[in-house]
Amino acid sequence: MDWAQSLRIAAPEELLSVVGIILLVISAWGQGRKDARGITWVAILALFVAAVMTAPALCNGSNGPGALAYSGLFSGDAFAAFAKLLIYISAGAALLIAPAFFETYRSYRSEYPVLVLFAVLGMSIMVSATNLLTLYVGLELNSLAAYVLAAFLKPDERSAEAGLKYFVLGALASGILLFGMSLTYGFTGTVNFAGISAALTGGVSTGALFGITFVLAGLAFKISAVPFHMWTPDVYEGAPTPVTTLFASAPKVAALALTMRVSIEAFGSQTEMWRQIVIVAALASAVVGALGAIGQTNIKRLLAYSSINNVGFMLVGLAAATVEGASAMLVYLAIYVPMTIGGFVAVLMLRDKDGNHLEAMSDLAGLSRSRPLLALGLGSIMFSMAGIPFLFGFWGKFVVFQAAVGAGLVWLATAAALASVIGAFYYLKVVKVMYFDEPAGTVQGQSDMAHEWLLAACAVFVSPLGYLATKALAKFTMTAAMVLFPPV
């Protein structure tokens with residue numbers, strides 16, 4: 001094993017590990033709340049440096065043996081780099097918006113940025129995994145930090161409930177995934193993705209089929225795909241909003257990227273076998289997410305169902321099982337992240353005159369008259385999520401449906417498009433409440449400047465100006481997707 005190459009390829013993860021440990025020691029021996037903001041900025045700086053160290057792998061199209069580290073256990077290829085950049089951006093946003101929220105409850109402590117760093121480290125390992133063991137180590141590192149983050153707001157009983165639910169159901173999903181990994185190893189004789197693919201080339205035994213099914217079921221929980229979505233609305237509602245912002249973006253990117261890598265690299269020789277599972281999960285998620293959101297009165301629960309709905313559309317790209325499908329899925333992810341961050345930042349800006357955070361749909365009534373810029377930002381995010389033409393969110397759905405049609409799955413693209421029409425109802429409902437209902441007069445509190453700038457940036461990105469990035473986005477996503485489909 002070439003240690004120099006391994007250390008170079010895994011340098012971003014090593015940086016996050018060292019900084020995380022140092023900040024953990026400072027947090028343990030420091031002043032708690034007094035050190036929290038300083039540690040937060042150090043954590044954001046560490047994420048920025050990690051992103052700078054990761055970017056060359058994507059720009060250079062890193063792939064093949066030269067991208068492997070630690071005897072092939074870890075890959076720093078272009079696909080992993082693309083996912084990591086989205087993860088670092090999402091985590092940086094979650095750190096940036098956290099202090100103002102937690103200070104309302106006088107509950108911000110230096111443990112928060114440390115936990116986020118370790119969660120990000122786990123996600124980075126997940127997307128770089130080339131075998132089942134590395135996959136599981138990264139996933140559990142992320143999950144253990146996430147369980148604590150969900151329950152971070154001690155004065156709020158809903159936060160404790162969210163943490164407990166996430167822990168119990170997460171442990172169940174990890175058990176399902178581990179059982180599937182055991183079956184896969186038992187019937188293929190290897191934990192390496194390339195070895196599993198080679199072993200499955202000659203056919204799939206009943207045991208291996210059960211292994212594939214259980215592995216995909218465990219991953220479906222992590223991406224909150226139907227029928228393993230039941231935890232999402234409760235955890236998104238109960239967890240502190242900055243934590244929910246993190247959950248809806250960074251782990252979603254990591255889990256979807258991991259699902260892509262496992263499906264295509266490990267099970268790629270049996271595409272027709274796993275495609276059926278993905279198609280069912282895609283349609284069910286798109287429909288259940290759309291219908292489940294219609295009756296919601298809490299904006300965070302509505303965004304939770306929106307997340308489930310969007311996962312369904314992204315899985316349509318995976319079902320195509322082509323380079324174009326994988327590229328389209330990454331394009332959708334790149335657009336989904338700022339839409340999600342912008343949506344939750346707007347929720348954070350809903351405060352009454354005493355500074356308390358508001359989450360009820362009724363509080364949005366007449367927002368366009370009391371806070372026109374906030375209503376404009378949230379409205380543009382909602383329109384983009386609905387896939388209204390000329391907004392950038394439309395482009396994400398278009399390329400995914402186009403990839404499905406190109407793969408001969410016209411019926412799947414048609415069904416997903418119909419589900420998108422259903423989903424547009426609840427997005428437009430939010431806009432209708434803000435612009436046409438009588439003012440509720442509850443949103444009177446001032447917003448933090450970081451929230452305002454972040455919402456503005458997200459709103460601009462999902463506006464028609466976002467189309468200026470389509471050429472660069474297509475180039476980088478295709479470079480990343482081709483890693484999963486090596487030339488024959």
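In this predicted model, Leu135 touches Met126, Ala129, Leu177, Met181, Phe193, Leu258 and Val262, leaving aside residues up to four places away in sequence. Leu135 also belongs to the largest nonpolar core, a set of 176 residues. Within that core, Leu135 is one of the four residues that touch the most other members, together with Tyr112, Leu315 and Leu364. Helix α15 supplies the largest share of this core, with 19 residues. A general tendency offers some background here: in soluble globular proteins, nonpolar side chains tend to be buried together.

Aromatic rings come next, and the structure holds 22 aromatic pairs. One of them joins Tyr112 and Phe152 in an edge-to-face arrangement, with 5.6 Å from centre to centre and 65° between the planes. This pair links distant parts of the chain, 40 residues apart: Tyr112 sits in helix α6, whereas Phe152 sits in the loop between α7 and α8. Tyr112 and Phe152 are both buried. Another pair is formed by Phe392 and Phe461; their ring centres are 5.4 Å apart and their planes meet at 70°, so this pair is edge-to-face. Here Phe392 of helix α18 is linked to Phe461 of helix α20, 69 residues apart. Phe392 counts as buried because its relative accessibility is 0%, while Phe461, at 29%, counts as partly exposed. Aromatic residues also gather in a cluster made up of Tyr147, Tyr166, Phe167, Phe221, Trp231, Tyr236, Phe247 and Phe344.

Phe392 leads on to its helix, α18, which has 15 residues and runs from 392 to 406. How far apart should the ends of this helix be, at 1.5 Å a residue? The expected span is 21 Å, and the end C-alpha atoms are indeed 21 Å apart, which agrees. Besides Phe392, the buried residues of α18 include Lys397, Val399, Val400 and Phe401. The buried residues of α18 pack against six helices, namely α14, α15, α17, α19, α20 and α21. After the helix comes Gly408, with a positive phi near 85°.

Helix α14, one of those packing partners, contains Asn309. Is Asn309 buried or exposed? With a relative accessibility of 1%, Asn309 counts as buried. A polar atom of the Asn309 side chain lies 2.6 Å from the backbone oxygen of Ala286. Apart from residues up to four places away in sequence, Asn309 touches Ser285, Ala286, Gly289, Ala290, Tyr426 and Tyr427.

Charged side chains complete the picture. Side chains of opposite charge can pair when their charged atoms come close. Across the whole structure there are 13 salt bridges. In one, Asp234 and Lys165 meet at 3.1 Å, N to O. Asp234 lies in helix α11 and Lys165 in helix α8, so this pair ties together parts that are 69 residues apart in sequence. Asp234 counts as partly exposed because its relative accessibility is 28%, and Lys165 does so at 29%. A second bridge brings together Glu237 and Arg301 at 2.9 Å, N to O, connecting helix α11 with helix α14 across 64 residues. Glu237 and Arg301 are buried. Lys300 and Glu359 meet in a further salt bridge, at 3.7 Å, N to O, where Lys300 is in helix α14 and Glu359 is in the loop between α15 and α16. Lys300 and Glu359 are both buried. Through shared partners, salt bridges join Arg158, Glu161, Lys165, Asp234, Glu237, Lys300, Arg301 and Glu359 into one network.

Methods:
Residues numbered from 1 in each chain as written. Predicted model: local features only at pLDDT ≥ 70, side-chain atom pairs only at ≥ 80, totals over all residues. Heavy atoms only, no water. Helix = DSSP H or I, 4+ residues; strand = E, 2+ residues; numbered from the N terminus. Expected span 1.5 Å × (residues − 1). Buried < 20%, exposed > 50% of the residue type's maximum accessible area, 1.4 Å probe, protein only. Contact = heavy atoms within 4.5 Å. Polar contact = N/O pair within 3.5 Å; in protein donor to acceptor, adjacent residues only side chain to side chain. Salt bridge = Lys/Arg side-chain N within 4 Å of Asp/Glu carboxyl O. Core = buried A, V, L, I, M, F, W, Y, C linked by side-chain atoms within 4.5 Å. Phe/Tyr/Trp six-rings, centres within 6.5 Å; stacked < 30°, edge-to-face > 60°.
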